Amino acid sequence: VLDDILPAADIDSVVNIGMIEIPAERIVGTKTSGRTTAFTASFLPLLNPGSEFAAKWVNLCAAHLSDEGIREPIVCYEYMGNFYVQEGNKRVSVLRYFGAPRIPGTVMRIMPRRSDTPEVAAYYEFLDFYKSAGIYAIQFRQPGDYAKLLSYLGKDPGEQWTEREQKTF
């Protein structure tokens, strides 16, 4: 639960980054504690199979498997490279159940206050990497690792990646 782990004093700002394709494995929790009894840590449903919740979950499964599909994006917060769902927990549950690699979502990024801790320094390097590469799949925790990766790839920091480079990577 993001609200339980978020160190309020260490927040710099909240930035709306809009709609992105979120790597499903980076969705690690919920924004509030309201749904913690409804899902396992991997977003599988926990409530009684005869409940209203279960009926809605089954209906979402049917929508996903139909020509209609699940079209509404989730709403979530990103903090330090992980995502926490505010709206759309059942959508995440169904899509992860069926193995979706990415889930569309409208995202608010919670910016930690800059510090010398390796995790925060590496996160700010990630933000620079993300601006040019547009890739969330790489999450380093040590400062300097993004620069090493770019040098191995023959790319300069800030050099924009093409769509083909993103997909190939």
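1. Let's start with a small cluster of charges: Lys155, Glu159 and Glu165 are joined up in a network of salt bridges. Keep in mind as you look around that this is a predicted model. In total, the structure has nine salt bridges, and a few of the others deserve a look of their own.

2. Take Arg113 and Asp12, which form a salt bridge in which the closest N and O atoms sit 3.8 Å apart. Arg113 belongs to the loop between β5 and α4 (118–133), while Asp12 is in strand β1, so this pair ties together parts that are 101 residues apart in sequence. Are the two partners buried or exposed? Neither label fits: Arg113 is partly exposed, with a relative accessible area of 42%, and Asp12 is also partly exposed, at 46%.

3. Now find Glu52 and Lys56, whose side chains meet in a salt bridge at 3.3 Å, N to O. This one stays inside a single helix: the two residues are four apart in α2 (residues 52–65), which means about one helical turn separates them. Glu52 counts as exposed, with a relative accessible area of 59%. Lys56, at 41% relative accessibility, is partly exposed.

4. Next up is the salt bridge between Arg91 and Glu72, with 4.0 Å between the closest N and O atoms. What does this pair tie together? Arg91 lies in helix α3 and Glu72 in the loop between α2 and β3 (74–79), so the link connects parts that are 19 residues apart in sequence. Check how the two partners are covered, too. Arg91 is buried, because its relative accessibility is 14% and the cut-off for buried is under 20%. Glu72, on the other hand, is exposed, with a relative accessible area of 54%.

5. Time to leave the charges and turn to a greasy bit of the outside. Which residues make up the nonpolar surface patch? They are Leu44, Leu65, Tyr97 and Phe98, and the patch covers about 400 Å². Phe98 is worth clicking on: you'll find it in the loop between α3 (89–97) and β5 (102–112). Its relative accessibility is 33%, so Phe98 counts as partly exposed.

6. On to the largest pocket, which holds about 370 Å³ of space. How many residues line the largest pocket, and which of them lie nearest its centre? There are 14 in the lining, and the ones nearest the centre are Glu21, Arg102, Gly134, Ile135 and Tyr136. Sorted by class, the lining has seven nonpolar, five charged and two polar residues. If you'd like to trace the walls, try β1 (11–23) and α6 (163–168), since each of these elements supplies at least two lining residues.

7. One last stop, back in the loop between β5 and α4, where you'll find Thr117. Recall that Arg113 from point 2 lies in the loop between β5 and α4 as well. Thr117 is partly exposed, with a relative accessible area of 35%. Try picking the C-alpha atoms of Thr117 and Pro143 in your viewer: they are separated by 9.3 Å, although the two residues are 26 apart along the chain.

Key. Residues numbered from 1 in each chain as written. Predicted model: local features only at pLDDT ≥ 70, side-chain atom pairs only at ≥ 80, totals over all residues. Heavy atoms only, no water. Patch = residues over 30% accessible without salt bridge, like charges linked within 9 Å, V, L, I, M, F, W, Y side chains within 5 Å. Areas by Shrake-Rupley, 256 points an atom, 1.4 Å probe, with all protein chains shown as cover. Buried < 20%, exposed > 50% of the residue type's maximum accessible area, 1.4 Å probe, protein only. 1 Å grid on protein atoms, 1.4 Å probe; cavity = no way out; pocket = protein on both sides within 12 Å on 5 of 7 lines; lining within 4 Å. Points joined across faces, edges and corners; volume = space filled by probe spheres on them. Nonpolar A, V, L, I, M, F, W, Y, C, P; charged D, E, K, R; others polar.
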